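Reader: I'm new to this one, and I'd like to know what stands behind the words people use for it. Can we go through them together?

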Amino acid sequence: MHIQVTEDGPYEVTGSVPLAKQSIGADGQGQSVRWEQGAEYPAKETYRLCRCGRSGSKPYCDGSHERVGFDGTEVASREPYLMQAGEQDGPEVTLTDAPALCAFARFCDADGQVWSLVEMDGQGSAVRQEAGNCPSGRLVAWDLAARTPLEPDLPPSIGLVEDPVQGVSGPIWVRGGIAVTAADGTDYEVRNRVTLCRCGASRNKPFCDGSHAAIGFRDE
């Protein structure tokens, strides 16, 4: 399974990667608390996902990037996650945080912000859950003694994020350690979860920076 970023064009996905909608589920206060799987797309060995946000056949590419002159220049750091992340040690778990990777899913705000919870006794499970729900992997909880990441078990797949509370469509959620290669042939670090921009507006391409919320992106 592999994702190739193309120059000023779509993501080329190979290896029969499952594709489905993934919605951010909220509680009564509108806080992000769970993931809800939606419709699955027909299985394909290869497919091209829109990166410019302008395709008339979303989530698939229809060549609109050429018509609109999309600039897909990749500016994201190529450094490994831990080189980008800060660390916060608590009494039960450690939390690492790479803010540049934020995809604005807001799981970190539920039941008290995760950066406060990590400092409290008895909140290790809550920190692990909030960090584990972060689609971009900006946040990672770590076992304090073993210094190993407490990662969710995610099967290799791609989710198309929907955010009903904000009324927008979010990023492409790449799960389960699928390799992503830049247009110039450089391999990004393989991670359990990353989010790729599909609205075309991110300033951290190819990764999402939450711009879909600012521009009110919808994939309909």
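Author: Sure, here is a chat about the strands, the sheets, a helix and the hollow spaces. This is a predicted model, where local features need pLDDT of at least 70, side-chain atom pairs count only at pLDDT 80 or more, and totals for chains, interfaces and linings use all residues. Residues are numbered from 1 along each chain as its sequence is written, and side-chain values use heavy atoms, with hydrogens and water left out.

Reader: What makes E1 and E2 a pair of strands?

Author: A strand is a DSSP run of E with at least two residues, a helix is a run of H or I with at least four, and both are numbered from the N terminus. Two strands pair if DSSP finds at least two bridges between them. Strand E1 (residues 2-5) and E2 have 4 bridges in the antiparallel sense, so they count as paired under that rule. One bridge sets Ile3 against Val13 in E2. The two strands form a hairpin with 5 residues between them, and Asp8 in the turn has a positive phi of about 55°.

Reader: Which strand does E2 run antiparallel to, besides the one in that hairpin?

Author: Strand E5 (residues 46-49), joined to E2 by 4 bridges. Here Val13 stands opposite Tyr47 in E5.

Reader: How do you know which side chains of E2 are buried?

Author: Buried means under 20% relative accessible area, exposed means over 50%, and partly exposed is in between, using a 1.4 Å probe and protein chains only. In strand E2 (residues 11-14), Tyr11 and Val13 point to one face and are buried. Glu12 and Thr14 point to the other face and are not buried. That fits a general rule: in a regular strand the side chains alternate between the two faces of the sheet.

Reader: What is the strand order in the sheet of 5 strands, and what makes two of them edges?

Author: The order is E4-E3-E9-E10-E12, in an open sheet with mixed pairing. E4 and E12 are the edge strands, since each pairs on one side only. Neighbouring strands are turned by 35° against each other on average, direction ignored; axes are lines fitted to C-alpha atoms, for helices over the stretch in contact, and angles run from 0 to 180 degrees between N-to-C directions.

Reader: Why is the pairing called mixed?

Author: Look at the two partners of E3. Strand E3 (residues 19-26) and strand E4 (residues 32-40) pair in the antiparallel sense over 6 bridges, while E3 and strand E9 (residues 157-163) pair in the parallel sense over 5 bridges. Gln22 has Gln37 in E4 as its bridge partner, and Lys21 has Leu160 in E9. E3 and E4 also form a hairpin with 5 residues between them, where Gly30 in the turn has a positive phi of about 80°.

Reader: And what leaves E6 and E8 with a free side?

Author: Their sheet is open, with 3 strands in the order E6-E7-E8 and antiparallel pairing. Strand E6 (86-89) and E8 are at the edges with a single partner strand each, so one side of each has no neighbour in the sheet. E7 and E8 pair over 5 bridges, and Thr94 stands opposite Trp142 in E8. H4 packs on this sheet, touching E7 and E8, and its direction makes about 140° with that of E8.

Reader: What do the buried residues of H4 pack against?

Author: They pack against E4, strand E7 (93-97), helix H3 (114-117), strand E8 (139-143) and strand E12 (193-196), where contact means heavy atoms within 4.5 Å. Among the buried residues of helix H4 (residues 124-133) are Val127 and Ala131.

Reader: What makes a space a cavity and not a pocket?

Author: On a 1 Å grid over the protein atoms alone, a cavity is a set of points where a 1.4 Å probe fits but cannot get out, whereas a pocket is an open set with protein on both sides within 12 Å along at least five of seven lines; lining residues have an atom within 4 Å of a point. Grid points are joined across faces, edges and corners, and a volume is the space filled by probe spheres set on the points. The whole structure has 6 cavities of 30 Å³ or more, and the largest has about 140 Å³ of space. The largest pocket has about 200 Å³.
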